[in-house]
Amino acid sequence: MNGMAANSTAPTIFIVSEYVDPQVNSTGYYWSKIINGVSLAFPCVAVICPENSAAKQYPFESNRVFVYPLSESSYKKNHLLFRLLGLLNLSFKFFVKIVRHVRKNDLIFSGTNPIFLLLCIALSKKFTHFKWVLLVHDVFPNNLAAAGILKKSNIFYQILDCLFSWAYRSADALIVIGRDMETLFREKQIIDQLIYQPNWVNKDEVTPISKSQSSLISGLGWESKVVFQFFGNAGRLQGIDNVLSAIAQVTDQHAAFLFIGEGSEFGTIQEFAKTHPQLPIALIANADLSSRNEGLGACDVALVCLRAGMQGIGVPSKSYFSLAADRPILGVVDASSEVAQMIREYEGVGWQCDPDNPQKLAGLIDAICKLDLSVNAGRARVLMEQQYDEAPAIAQYIESLKRVLSVSKQ
């Protein structure tokens, strides 16, 4: 932990997030990069985050960044009640740090994790009058309805919707990662604060490799297969049941399916593979993968899927990593979603299929297996470099922060 910059009169940029370690998940990846970029643009930068007991220092730590660590909060993430209590506890710890250290005219740049953090920041902002820029990766409580946890007609959902709409309106700027997400906020009558900035990846950190170079593929003996790969978190919102049902209906003998990751639905995939031993399905846990680059290159087609009704609620970051690996995307997503819009706009980078239609998905997989996929080689990578690279994305974040700060001085 390091001291604050000498210029104590300048406003401090407080970056507040549950995840800041790129080795943990995509959220940690993004925030570690953002912290590094912001610390080069502003004289006073501080981070409020859970303490990093697993490593000797934070990945972004330098004499330009001061860290206010929170004591660890461990809870069972795959158990709904324990997860709720754990998130409430963690959010309260964030609230205490914010009230104690953030001053008037400072700026908080936060994400949407842990979810109750939004309410804590909105509440403390009423007293301290700092500025707040919110990077929206997930929209709560809409994601609860999409996951089937709460119906929109439920009184508890309606209360949450009112509370979180108030919190979103309290932000001075809302950076949304999808055009479908922008539409959703407009429907909530939250308009003036919106800034569209899609997710991204560092082009130098993902190197395209041919499938024939993959040790994972050679180990499975799948060199002649057309490999469809799911990479990342397999949770409630990914529509895993739809994908598995489709796999059972695929007829092309060249199709094979590789799942790399973790999550609450990973056990469902394992059970499906056991009960369908005749199907070419392989699973690799994140912990067993030596590098992200190796995993991303172990396929012909990247499988990106969400449950029906997820448009506007979240955008899978794996889409951009797969583009960087020069893999076309099979997006099993709503037609109005950000991923579907991207696939339609840029020829040769993928295909879209509606969720909850396993028969249609199986037919599309069969059709893809008959294509010469080498024809579109390079298109996904070029798109990522032109539209979804790290440097211009970080620059836009910094510009948004400066804009909010300049308004506060007027």
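This note goes through a predicted model point by point, from its cores to its helix contacts and some unusual backbone positions.

1. The main core. In soluble globular proteins, nonpolar side chains tend to be buried together. The largest nonpolar core of this model holds 114 residues, and the members that touch the most others are Ile15, Ile34, Phe109, Tyr168, Phe185 and Leu323. Among the elements of the chain, helix 15, residues 390-409, gives the most to this core, with seven residues. Ile34 is a good place to begin looking, and if its neighbours within four places in sequence are left aside, Ile34 is in contact with Ile15, Phe109, Leu135, Trp200, Ile394 and Tyr397.

2. A second core. Apart from the largest core lies another, of 32 residues, and its members include Val250, Phe257, Val301 and Trp351.

3. Helix 8 against helix 13. Two packed helices are described by the angle between their axes and the distance between the axes. For helix 8 (residues 240-249) and helix 13 (residues 358-369), the angle is about 55 degrees and the axes are 8 Å apart, which means that helix 8 is oblique to helix 13. The crossing of these two helices is right-handed. On the side of helix 8 the contact is made by Asn242, Val243, Ser245, Ala246 and Gln249, while helix 13 brings Pro358, Gln359, Leu361 and Ala362. Sorted by class, the residues of this contact are five nonpolar and four polar, with no charged residue.

4. Helix 8 against helix 9. Helix 8 also packs with helix 9, residues 266-275, where the axes come within 10 Å and cross at roughly 15 degrees. Helix 8 is therefore roughly parallel to helix 9, since the angle is under the 35 degrees used as the limit for that term. This crossing, too, is right-handed. Here Ile240, Asp241, Leu244, Ile247 and Ala248 of helix 8 meet Thr268, Ile269 and Phe272 of helix 9. The residues in this contact comprise six nonpolar, one polar and one charged. When the two lists for helix 8 are read side by side, a general rule is helpful: an α-helix has 3.6 residues a turn, so residues three or four places apart point the same way.

5. A mostly covered helix. How many of the eight residues of helix 12 are buried? Six of them are, and helix 12 (residues 338-345) can therefore be called mostly covered, where buried means under 20% relative accessible area. The buried residues are Glu338, Val339, Ala340, Gln341, Met342 and Ile343. They pack against helix 6 (179-187), helix 11 (318-324) and helix 14, and also against strand 7 (194-196), strand 12 (329-332) and strand 13.

6. Met384. This residue is in helix 14, residues 379-387. Because its relative accessibility is 0%, Met384 counts as buried. Its contacts, leaving aside neighbours within four places in sequence, are Val201, Asn202, Lys203, Tyr320, Leu323, Ala324 and Asp389. Between Met384 and Ala41, which are 343 residues apart in sequence, the C-alpha to C-alpha separation is 25 Å.

7. Ala282. Is Ala282, a residue of strand 10 (residues 281-285), buried or exposed? Ala282 counts as buried, because its relative accessibility is 9%. Outside the neighbours within four places in sequence, Ala282 is in contact with Leu220, Trp222, Phe257, Leu258 and Phe259. Its C-alpha atom is separated by 8.4 Å from that of Ala256, a residue 26 residues apart from Ala282 along the chain.

8. Backbone positions to check. Most residues other than glycine have a negative phi, and most peptide bonds are trans. Against that background, the peptide bond from Asn113 to Pro114 is cis, with omega near -10 degrees, and Pro114 is in the loop between strand 4 (107-110) and helix 3 (117-128). Another cis peptide bond joins Phe140 and Pro141, with omega about 5 degrees, and Pro141 is placed in the loop between strand 5 (131-136) and helix 4 (142-146). His129, in the loop between helix 3 and strand 5, has a positive phi near 65 degrees although it is a residue other than glycine. Asp356, in the loop between strand 13 (350-353) and helix 13, likewise has a positive phi, of about 60 degrees, and is not a glycine. Asp356 is exposed, because its relative accessible area is 58%.

Notes:
Residues are numbered from 1 along each chain as its sequence is written. This is a predicted model: local features need pLDDT of at least 70, side-chain atom pairs count only at pLDDT 80 or more; totals for chains, interfaces and linings use all residues. Side-chain values use heavy atoms; hydrogens and water are left out. Axes are lines fitted to C-alpha atoms, for helices over the stretch in contact, and angles run from 0 to 180 degrees between N-to-C directions. Helices (H or I, at least four residues) and strands (E, at least two) are DSSP runs, numbered from the N terminus. Angles under 35 degrees count as roughly parallel, over 145 as roughly antiparallel, 65 to 115 as roughly perpendicular and the rest as oblique. A crossing is left-handed if the near helix is turned anticlockwise from the far one by less than a right angle, and right-handed if clockwise. Contact means heavy atoms within 4.5 Å. Ala, Val, Leu, Ile, Met, Phe, Trp, Tyr, Cys and Pro count as nonpolar, Asp, Glu, Lys and Arg as charged, and the others, Gly among them, as polar. A nonpolar core is a set of buried Ala, Val, Leu, Ile, Met, Phe, Trp, Tyr and Cys residues joined through side-chain atoms within 4.5 Å. Buried means under 20% relative accessible area, exposed over 50%, partly exposed in between (1.4 Å probe, protein chains only).
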